[in-house]
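Colleague: Please take one part of this model and go through it closely, starting from a single residue and working outward to whatever surrounds it. I would like a connected account that I can follow with the structure open beside me.

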Amino acid sequence: MTNPTIRKLENICKKHGVEVDASKDWDGWLVTFYAPDFHIWGSSTATVSVYHDDTLRGVISFLRSELSCGFYKLDPTNPDDLETLGITGQLANQREN
């Protein structure tokens with residue numbers, strides 16, 4: 001059975017094209033949010049945003065804050081963006097589709 005908070009995260013993420021991966025171990029919860037393909041998070045200019053805590057108490061607020069900053073679209077013709085796309089494997093994904 002999936003945790004109700006994780007289900008809520010999945011529903012929020014789906015609306016924004018964000019993938020979420022969550023796991024719990026002895027060190028607490030690790031929740032990774034993946035920006036949509038060819039995008040980076042506006043808050044960090046990274047392709048992932050990570051929440052790590054012993055509880056999920058603040059994860060919904062964390063995600064909403066991240067989403068409020070939006071995303072930047074990566075441009076494969078821009079050398080800096082091209083490097084990011086290559087490192088994250090998104091160029092290979094584009095070639096496969």
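**A close look at strand 2 and its surroundings**

Modeller: Leaving out residues up to four places away in sequence, H52 touches D27, W29 and L30. Please keep in mind throughout that this is a predicted model. H52 itself belongs to strand 4, and with a relative accessible area of 45% it is partly exposed. Two of the residues it touches, W29 and L30, fall within the range 28-34 that makes up strand 2, and strand 2 is the part I would like to follow from here.

Before doing so, it helps to place strand 2 in the whole. The protein has 4 helices and 5 strands, which come along the sequence in the pattern α-β-β-β-β-α-β-α-α. Its C-alpha atoms fill a box of roughly 40 × 25 × 25 Å along the principal axes, and 32% of its 97 residues count as buried. Among the contacts with a separation of 6 or more, 48% are between residues 24 or more positions apart.

Strand 2 has 5 buried residues out of 7, so it is largely enclosed by the rest of the structure. Its partners in pairing are a good place to begin. Strand 1, residues 19-25, runs antiparallel to strand 2 and is joined to it by 7 bridges, and the two are connected by a hairpin of 2 residues. Within this pairing D25 has G28 as its bridge partner in strand 2, while E19 stands opposite Y34. Strand 2 also pairs with strand 4, again in the antiparallel sense, here over 6 bridges; one example of this pairing is F33, whose bridge partner in strand 4 is S49.

T32 shows both pairings from the viewpoint of a single residue. T32 is placed in strand 2, and because its relative accessible area of 11% is under the 20% limit, it counts as buried. If its neighbours within four places in sequence are set aside, T32 is in contact with E19, V20 and D21, and also with V48, S49 and V50. The former three have numbers within strand 1, and the latter three have numbers within strand 4 (48-53).

What else packs against strand 2? The buried residues of helix 2 do, and they pack as well against helix 1 (4-16), strand 3 (39-41), strand 4 and strand 5 (71-73). Helix 2 spans residues 59-68, and its buried residues are V59, I60, L63, E66 and L67. These lie on the same side of helix 2, because they cover an arc of only 125° around the axis. S61 and S68 are the exposed residues carried by the face turned away from that buried side. One of the buried residues, E66, can be related to our starting point, since its C-alpha atom is separated from that of H52 by 14 Å, with their positions 14 residues apart along the chain. Just after helix 2, G70 takes a positive phi of about 75°.

The loops that follow strand 2 and strand 3 also deserve attention. F38, in the loop between strand 2 and strand 3, has a positive phi of about 65° although it is not a glycine. Is F38 buried or exposed? F38 is buried, its relative accessible area being 15%. A further positive phi in a residue other than glycine is that of T45, near 55°, and T45 is found in the loop between strand 3 and strand 4.

Finally, the end of strand 2 brings us to a pocket. The largest pocket has a volume of about 200 Å³ and is lined by 13 residues, with Y34, A35, P36, D37 and Q90 lying nearest its centre. Y34, which we met opposite E19, is therefore both a strand 2 residue by its number, within 28-34, and one of those nearest the centre of this pocket. By character, the lining divides into 7 polar, 4 nonpolar and 2 charged residues.

Note on methods. Residues numbered from 1 in each chain as written. Predicted model: local features only at pLDDT ≥ 70, side-chain atom pairs only at ≥ 80, totals over all residues. Heavy atoms only, no water. 1 Å grid on protein atoms, 1.4 Å probe; cavity = no way out; pocket = protein on both sides within 12 Å on 5 of 7 lines; lining within 4 Å. Points joined across faces, edges and corners; volume = space filled by probe spheres on them. Nonpolar A, V, L, I, M, F, W, Y, C, P; charged D, E, K, R; others polar. Buried < 20%, exposed > 50% of the residue type's maximum accessible area, 1.4 Å probe, protein only. Arc of directions from axis to C-beta. Contact = heavy atoms within 4.5 Å. Pairing = 2+ DSSP bridges.
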